[in-house]
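Open the model in your viewer and keep the selection tool at hand. Each stop below says what to pick and what to look for.

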Amino acid sequence: MDIVFYNTLTRSKEKFEPLAPGQAKMYACGPTVYRHVHIGNLRTWLLSDLVRRVLEYNDYRVTEVMNITDMGHMAEDDSLTVAPGEDKVLAAAAAEQKTPKEIADYYTADFFDALTAMNIRPAHHYPKATDHIPQMLALIETLESKGLAYEKSGAVFFDVSKFPGYGKLSGHALGDLKAGIHRVEIDETKDDPNDFLLWRTAHEHRLVKWDSKWGPGFPGWHIECSAMSMHYLGPQLDLHIGGEDLVFPHHEGEIAQSEGATGQPFARYWMHGAHLLAEGRKMSRSVGNVIRLTHLQERGIEPLAFRLHCLGLYYRGHMNITWDALKAAQASLERLRRYLAEWNADQVTVEMPNRHLLDYRARFHQLINDDLSFPQVIPMIWEMAKNDLPPAAKALLLLEWDSVLGLRLAEAAAAPAPELTPEQRSLLDRRAAARAAKDWAESDRLRDDLAALGIIVQDGREKQEWTKTK
Ligand SMILES: [Zn+2]
């Protein structure tokens, strides 16, 4: 069955045709490890997980690479704490009085914890920028030798006027700076504001720098993704994935660097996830609307419920997050687990071939292959639940589909959680909120109310935990 993806490069849905039959090489832009990941970031990384799971459901052998930016990502405009043109990791190190490595290690661990909680499967490679400086330098030297890069005032820039394809991904036209001016690095030393940094020589007090033919310095942000993707996957990739904010200038820069150096098309399919909004705005620390997984957990919403919530909306549409919607997702997740436990308990075996079962399987396959139409899969599951299929057939389908949905339903069904009444759940949510607000009197009162209902609450390191006594 064909797989169709929306390709940002051609602005259309296209049949997926890999470079090598049965194989898919994909690269996804990962975190800049200088602060905690939030659920908006996670929605983007979930996209690469879903693409990979869909490909694997279709029997592709996938190689996935995701970079860890632990150096060289200059701030643009999205943070109060980092000035424009300042390296995000170094700025965080200075602010937290730690070494850059301590900062990067701490937030890299935070990133992996969040992926695990969301059941986002690990990529095959997680290259760190600081481990691949030689590959970046080699690429910059190639670009320079081809006349695509120039040195000026202690920096090496990519000369976009020498790369005719510049702008093909984003539609950003040279000379038309009104749209992009705030997102292009502001640097007076460049010949053209669209030119972007490949390497900058460092002043002597800079903590982290590497030797190069231009003197000790450090790389720009875009070059790491070109260098590391091609190092692990070769000059051509099948898929390149990232958040919509990366289309310009980051991904445009990657195309210019990679295709400029190799003379070959770089990534065939470019997929971008739309942002998650909170209170109608992109999540950012400067706006003050950042929500992390721990904030969800404090309110009784599991990371996997957030995952389910994401599945209910098209990845190319903005998601405006609300607590009501998240609570509904938590309830839906619990309902799925209950269904599976019930269906599993049924001992009747399914007689094959069962036409209903095959129909459902085909519908699921068509939907996920049609540019990840998960929002139509979820209602189909509720419809199946009401269908007169044998329970064992329903269990079989749901478990099979969960290899793509990634809700860990099998684990949950094996150890069913005791059920809470709506009143008990509401009390637990209110107590978590009271604790988050440091309202200890209210939190103690709610603990007593819960105890009277047979729910014993304990405060864990991350969130409150409960056991049911009757
Ligand atoms: Zn990248």
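Start with two helices in contact. Select Trp221, His222, Ile223, Cys225, Ser226 and Met230 in α5, then add His250, Gly253, Glu254, Gln257 and Ser258 in α6; these two groups meet. Colour the selection by class: four residues are nonpolar, six are polar and one is charged. Keep in mind that this is a predicted model.

Now show both helices in full. Helix α5 covers residues 221-233 and helix α6 covers residues 247-262. Their axes lie 8 Å apart and the packing angle is about 55°. Is the pair parallel, antiparallel, perpendicular or oblique? An angle of about 55° falls outside the range under 35 degrees for roughly parallel and the range of 65 to 115 for roughly perpendicular, so α5 is oblique to α6. The crossing of α5 past α6 is right-handed.

Stay on α6 for one detail. Select Phe248 and Pro249 and check omega. The peptide bond from Phe248 to Pro249 is cis, with omega near 0°. Pro249 is part of helix α6.

**Next stop: the sheet by α5**

Hold α5 in view and look for the strands that α5 lies across. They are β3, β4 and β9. Relative to β4, α5 runs at about 150°.

Show the whole sheet. It is open, has four strands and follows the order β4-β3-β9-β10. The pairing is parallel. Which strands sit at the edges? Select 61-66 for β4 and 267-273 for β10: each of these edge strands pairs on one side only. From one strand to the next, the twist averages 20°.

Zoom in on one pair inside the order. Strand β3 takes residues 23-28 and strand β9 takes residues 237-243. Three bridges join β3 and β9 in the parallel sense. Pick Ala28 and look across: Ile241 in β9 stands opposite.

Before leaving β4, step back to the loop that comes between α1 (39-57) and β4. Asp59 is there. Read its backbone torsions: phi of Asp59 is near 70°, a positive value in a residue other than glycine.

**Next stop: a second helix pair**

Select 355-369 for α10 and 374-386 for α11. The two axes come within 9 Å and cross at roughly 165°. Angles over 145 count as roughly antiparallel, so α10 and α11 are roughly antiparallel to each other. α10 passes α11 in a left-handed crossing.

Show side chains at the contact. From α10, take Tyr360, Arg363, Phe364, Leu367 and Ile368. From α11, take Phe374, Gln376, Val377, Met380 and Met384, which the α10 group meets. How do the residues of this contact divide by class? Eight are nonpolar, one is polar and one is charged.

**Last stop: the domains**

Zoom out and colour the protein chain by domain. Domain 1 spans 4-273, domain 2 spans 278-414 and domain 3 spans 422-468. Place centroids on the C-alpha atoms of domain 2 and domain 3: the centres are 27 Å apart. How many residues does each side bring to the contact? Domain 2 gives five residues and domain 3 gives eight residues. Finish on the domain 2 side that touches domain 3: three residues are polar, two are charged and none is nonpolar.

Note on methods:
Residues are numbered from 1 along each chain as its sequence is written. This is a predicted model: local features need pLDDT of at least 70, side-chain atom pairs count only at pLDDT 80 or more; totals for chains, interfaces and linings use all residues. Domain bounds come from an automatic or database domain assignment. Two residues are in contact if their C-beta atoms, placed from the backbone, lie within 7 Å. Ala, Val, Leu, Ile, Met, Phe, Trp, Tyr, Cys and Pro count as nonpolar, Asp, Glu, Lys and Arg as charged, and the others, Gly among them, as polar. Axes are lines fitted to C-alpha atoms, for helices over the stretch in contact, and angles run from 0 to 180 degrees between N-to-C directions. A crossing is left-handed if the near helix is turned anticlockwise from the far one by less than a right angle, and right-handed if clockwise. Two strands pair if DSSP finds at least two bridges between them.
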